[in-house]
Amino acid sequence: DVPRILLTGYADKEHAIKAINDIGLFHYFEKPWDNEAIKLVIQNGLENKTVKSALEDKLHELDHVLLQRDALTEQNEIFQQELSLAQQVQQSMLPKHFPRNGSLTFSAEYMPALGIGGDFYDVQPLAGDRIAILVADMTGHGVQAALSTVLLKIGFAPCANTSAGPVEILNNINTVLYQGLPKDLPSSIFAAAAVVVIDVSNARFRIANGGLPPPLLLKRSAGEVERITASGMILGIFDDTMYVPAEEAEMDLEDNDFLLLHSDGVSEAVNDNNELFEIGSIRHTLLDYADCDGAEILNRLVQVVKQYAGPDHEWDDLTVLGIDFKKK
């Protein structure tokens with residue numbers, strides 16, 4: 001690491017070249033030499049030494065950064081594998097197949113904000129030729145919210161094949177969320193949820209809503225969209241003694257009606273002017289594509305929302321679930 005300067009009285013170039021190559025001379029002087037020139041070379045040698053030392057330090061820093069990058073890359077690969085597993089687990093909790101019924105056709109689309117999210121939907125058969133549909137939205141998004149959807153499944157599953165109504169189902173989910181939160185999860189995790197119970201025998205449905213955006217009923221025959229305003233408290237905040245049951249609305253389904261339930265990832269999407277998509281925009285989209293079947297309507301709605309939102313929009317979890325009704 002020491003800059004070497006050779007001063008010699010020999011004029012043998014061969015030996016000078018050999019010395020430069022073997023020893024790594026910084027400079028070579030033959031007699032007679034100029035002392036001022038030697039001082040300048042020494043100064044340059046010291047500066048070169050400083051630059052070389054600084055360069056070596058930077059190379060060491062770069063090596064350290066590269067090692068850190070490799071470690072982060074490895075950690076990211078492990079995280080991606082774990083995230084992929086979490087996605088598979090969450091997808092396994094969603095219904096793989098909807099109930100087959102001659103009058104009802106179900107369709108759904110789910111777009112989590114971070115590859116995994118806190119929205120949830122499920123369908124359960126009830127006693128007496130009835131079907132229960134749940135759409136819910138946990139507070140927050142990401143892995144934490146996704147883990148919490150397990151509680152929604154736990155609260156909804158016991159209602160299968162029972163005579164429970166939508167208010168009773170919401171009450172049960174509220175109890176599970178309030179009492180059953182794992183200790184490792186923050187106590188501030190709550191859920192907005194809506195439950196629809198459809199009696200297939202008489203084409204009548206009942207709905208209770210605990211904080212989810214109002215469902216919409218597209219009446220294709222009349223060219224109208226009705227907003228179902230049943231409302232109630234979000235779930236998981238209060239225990240049974242303080243929880244106020246949701247209001248319940250009851251309506252008849254007519255031939256060719258389409259019922260839409262959705263999370264606020266749809267209605268709270270904003271454009272470049274910071275304007276919300278809102279219920280009115282959803283209503284217009286339903287009317288624009290009223291001639292399509294339910295699955296196509298949902299696909300079109302998601303595409304319209306994506307086009308409406310600005311390029312820098314921070315997406316919330318987005319879920320849409322539709323039910324087409326046709327008389328046998």
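**View A. R206 finds its bridge partner, E250, in strand β10.** This is a predicted model, so to speak of local features we ask for pLDDT of at least 70 and of side-chain atom pairs for pLDDT 80 or more, while totals for chains, interfaces and linings use all residues. Residues are numbered from 1 along each chain as its sequence is written, and side-chain values use heavy atoms, with hydrogens and water left out. Strands here are DSSP runs of E with at least two residues, helices are runs of H or I with at least four, and both are numbered from the N terminus. β7 (residues 204–210) and β10 (residues 248–252) run antiparallel and are joined by five bridges; two strands pair if DSSP finds at least two bridges between them. The side chains of β10 alternate: A249 and M251 point to one face and are buried, while E248, E250 and D252 point to the other and are not. Buried means under 20% relative accessible area, exposed over 50%, and partly exposed in between, with a 1.4 Å probe and protein chains only.

**View B. Five strands make an open sheet in the order β4-β5-β6-β7-β10.** The pairing is antiparallel. β4 (119–126) and β10 stand at the edges with a single partner strand each, so one side of each is left without a neighbour in the sheet. From one strand to the next, the twist averages 15°. Angles like this run from 0 to 180 degrees between N-to-C directions, with axes taken as lines fitted to C-alpha atoms (for helices, over the stretch in contact). In general, strands of a sheet pair through backbone hydrogen bonds, either parallel or antiparallel.

**View C. How many residues of strand β6 (residues 191–199) are buried?** Nine of the nine are, so β6 is largely enclosed by the rest of the structure. Both faces are covered: A191, A193, V195, V197 and D199 lie on one side, with A192, A194, V196 and I198 on the other. Nine bridges tie β6 to β5 (residues 130–138), and these two strands run antiparallel. Along that pairing, M138 sits opposite A191 and L134 sits opposite V195.

**View D. A hairpin links β6 and β7, with four residues between the strands.** A203 takes a positive phi near 55° in this hairpin. The two strands pair in the antiparallel sense over seven bridges. Look for V196, which stands opposite I207 in β7.

**View E. Another open sheet has five strands, in the order β3-β12-β11-β8-β9.** Here too the pairing is antiparallel. At the edges are β3 (104–111) and β9 (224–227), each with a single partner strand, so one side of each has no neighbour in the sheet. Direction ignored, neighbouring strands are turned by 20° against each other on average. Helix α7 (residues 294–308) packs on this sheet and touches β3, β8, β11 and β12 (318–325), where contact means heavy atoms within 4.5 Å. The direction of α7 makes about 25° with that of β3. Zooming in on β8 (residues 216–219) and β11 (residues 257–262), four bridges pair them in the antiparallel sense, and K219 has D257 as its bridge partner in β11.

**View F. Is Q307 of helix α7 buried or exposed?** Q307 counts as exposed, at 67% relative accessibility. Its C-alpha is 37 Å from that of N171, and the two residues are 136 apart in sequence.

**View G. L55, L59, L62, V65 and L66 make a nonpolar surface patch of about 420 Å².** Patch residues have over 30% relative accessible area and no salt bridge; nonpolar side chains (Val, Leu, Ile, Met, Phe, Trp, Tyr) are joined within 5 Å, and like charges within 9 Å. A salt bridge would be a side-chain nitrogen of Lys or Arg within 4 Å of a carboxyl oxygen of Asp or Glu. Areas come from the Shrake-Rupley method with a 1.4 Å probe, and for residues only the protein chains shown count as cover. L59 belongs to helix α2 (residues 35–93) and counts as partly exposed at 43% relative accessibility.

**View H. S267 lies in helix α5 (residues 264–267).** With 10% relative accessibility, S267 counts as buried. Leaving aside residues up to four places away in sequence, S267 touches P213, H262, L276, F277, E278 and I282.

**View I. V244 is found in the loop between β9 and β10.** V244 counts as partly exposed, at 49% relative accessibility. From V244 to P95 the C-alpha distance is 29 Å, with their positions 149 residues apart in sequence counted as separation.
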